[in-house]
Amino acid sequence: MALKYVDYSLYLVTDSTQAILGNRDLVQVVEAALEGGVTLVQYRDKLSDTAVLVSTAKKLHAITKKHKVPLLINDRVDVALAVGCEGVHIGQDDLDLPSARKLLGDNAIIGVTVSTLEEAQAACRDGADYLGIGTMFATSTKTNTKDIIGTAGTKEILRGIAKEGAHVRTVCIGGINASTVQRVLYQSSDPSKELDGAAIVSGIIAAEDPKKAAQELLELVRTPPPFAAASIASPHKPVDIKVLLRQVLDIVAGVADTTPLSHNMTNLVVQNFAANVALAVGGSPIMANYGEEAADLSKLGGALVINMGTVTPEGLENYAKALKAYNLAGGSVVFDPVGAGATAVRRNAVKTLLAAGYFDVIKGNEGEIKTVFGSVVQQRGVDSGASTLNEEEKARLVRDLARRERNVIVMTGATDFVSDGSRTFAVENGHELLGRITGSGCVLGTTISLMLAVCKKDKLLAALAGFIALRDRGRSCSCQGRCQKAQELSYLL
Ligand code: 3NM
Ligand code: MG
């Protein structure tokens with residue numbers, strides 16, 4: 001097969017419906033998008049008759065050639081042949097890939113829509129040049145989708161084809177826009193296989209200014225998101241706990257020295273307690289549950305805690321709004337999915353929030369973390385419920401979830417487990433009295449947020465600092481890693 005150098009980073013898929021295109025001329029809209037920098041175009045038109053398809057495709061091909069961008073046709077191999085464009089995109093219900101290849105030849109670019117690992121593996125075996133993996137998020141542009149697979153499902157597919165599909169390129173599709181594209185590429189990509197780009201319909205075609213929309217999206221796909229961790233330790237580099245503890249104590253001291261803001265959107269039970277703990281460790285708390293305030297607050301260098309302990313429909317909207325504002329500003333966000341496994345409402349709230357934005361740290365008890373992972377657990381109220389996991393299984397759960405979400409997971413319990421996917425720690429930090437008061441877990445979210453505000457570059461250290469701050473003000477400890485606290489941290493995986 002001939003080598004085809006194709007830039008998949010910003011893949012425009014067209015739509016000719018009134019709802020998306022309106023009364024505008026498709027060819028003009030695509031030309032504007034090309035001027036803005038889209039790197040690949042698929043003509044997707046489910047409405048027009050064959051003669052119109054061919055004549056529109058010819059016009060589109062003339063302008064894509066001018067911009068040296070390939071043009072693919074959705075479904076219709078015959079139209080691609082008539083026009084002589086670069087290839088086709090086929091769905092699972094369209095002409096099969098081997099037949100399309102036979103008709104179009106080795107030099108054609110052929111992409112396939114996949115939403116499961118099995119479909120992806122079959123397409124790789126059959127010689128697809130690229131996969132369109134979806135549906136990422138629910139979208140009005142395509143309603144007959146099989147599954148909303150999100151970033152977690154996309155990553156599972158990428159990991160599953162990393163070997164056999166090493167040369168097969170990949171894009172994600174479905175509901176992706178300027179406010180989600182960076183996170184989607186960041187969270188979906190697996191270390192063994194990255195996404196090559198994002199396919200977008202309404203984010204460009206329905207935009208008031210398609211050229212500007214394409215320019216903005218191209219800039220976004222080419223830069224890492226503001227919350228991308230600058231330094232994650234190499235998985236093979238051994239960790240020196242004493243060195244690490246000194247770094248952690250520096251973070252705790254840094255909070256006391258710089259008084260960062262901890263913006264809490266938290267439950268009615270712990271607001272006062274959490275505010276006082278934030279003050280006690282040297283931070284500056286603001287308890288602001290109104291999402292509109294987040295745009296301003298996110299610019300003050302602090303971090304946000306979203307604690308869904310007393311969730312309401314309005315509260316959920318406020319959380320999502322604040323999450324987006326902090327993601328945009330590069331401020332860190334801690335998620336405390338309180339009682340996640342207790343009710344259907346809370347399980348759905350978790351899904352809604354994970355799809356709405358990026359959490360730097362997710363902190364919960366065993367029942368909550370299992371629910372975030374996707375296991376069905378029945379929590380009794382906000383208590384964790386009986387533990388079903390041994391220590392090694394707990395360590396693996398937090399590690400795997402951290403890898404999936406590409407963040408830091410904190411799971412509290414008699415022993416706490418913390419992981420960033422490459423380093424996993426157990427923290428022996430418990431006290432029998434903690435189980436007899438309310439809010440001890442919630443205030444940990446607040447202390448972690450303060451630590452994140454002073455240490456963005458290593459979120460795992462910040463999370464560990466959140467624990468240490470609750471035990472002892474770092475400033476008053478001069479042990480240099482020699483005291484009892486050093487023994488309380490152990491490195492697991
Ligand atoms: N295919 P928008 S979703 C064409 O899941 C298409 O395979 C999908 O449109 C899939 O960018 C989709 O407007 C439409 O959300 C994507
Ligand atoms: Mg199709």
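Across the interface of domain 1 and domain 2, the salt-bridge rule (a side-chain nitrogen of Lys or Arg within 4 Å of a carboxyl oxygen of Asp or Glu) comes up with 0 hits. Polar contacts do turn up there: 6 residue pairs, both residues at pLDDT 80 or more. Such a contact is a pair of N or O atoms within 3.5 Å; within protein, one must be able to donate a hydrogen and the other to accept it, and residues adjacent in sequence count only if both atoms are side-chain atoms.

On the domain 1 side, α7 (150-160) and α8 (181-188) each bring at least two residues to the surface that touches domain 2. Of the elements there, α8 gives the most, with 3 residues. Helices (H or I, at least four residues) and strands (E, at least two) are DSSP runs, numbered from the N terminus. Sorted by class, this side holds 3 nonpolar, 2 polar and 2 charged residues; Ala, Val, Leu, Ile, Met, Phe, Trp, Tyr, Cys and Pro count as nonpolar, Asp, Glu, Lys and Arg as charged, and the others, Gly among them, as polar.

This is a predicted model, with local features needing pLDDT of at least 70 and side-chain atom pairs pLDDT 80 or more, while totals for chains, interfaces and linings use all residues. Residues are numbered from 1 along each chain as its sequence is written, chains are lettered from A and ligands numbered from 1 in the order in which they are written, and side-chain values use heavy atoms, with hydrogens and water left out.

As for the two domains themselves, domain 1 covers 10-221 and domain 2 covers 241-491, with bounds from an automatic or database domain assignment. Their C-alpha centres sit 38 Å apart. Contact (heavy atoms within 4.5 Å) involves 7 residues of domain 1 and 10 of domain 2. About 820 Å² is buried between them, 47% of it from carbon and sulfur atoms; buried area is the accessible area (1.4 Å probe) that two parts lose on being put together, summed over both. In domain 1, Arg183, Tyr186 and Gln187 lose the most area to domain 2, together 58% of what that side buries.

Over the whole structure, the search finds 18 salt bridges. One joins the side chains of Arg159 and Asp190 (3.2 Å, N to O). Arg159 belongs to helix α7, whereas Asp190 lies in the loop between α8 and β8 (197-200), 31 residues apart.

Two backbone details round things off. Gly134 and Thr135 are joined by a cis peptide bond, with omega about 10°, and Thr135 falls in the loop between β6 (130-133) and α7. Lys68, in the loop between α3 (50-66) and β3 (71-74), has a positive phi near 55° despite being a residue other than glycine.
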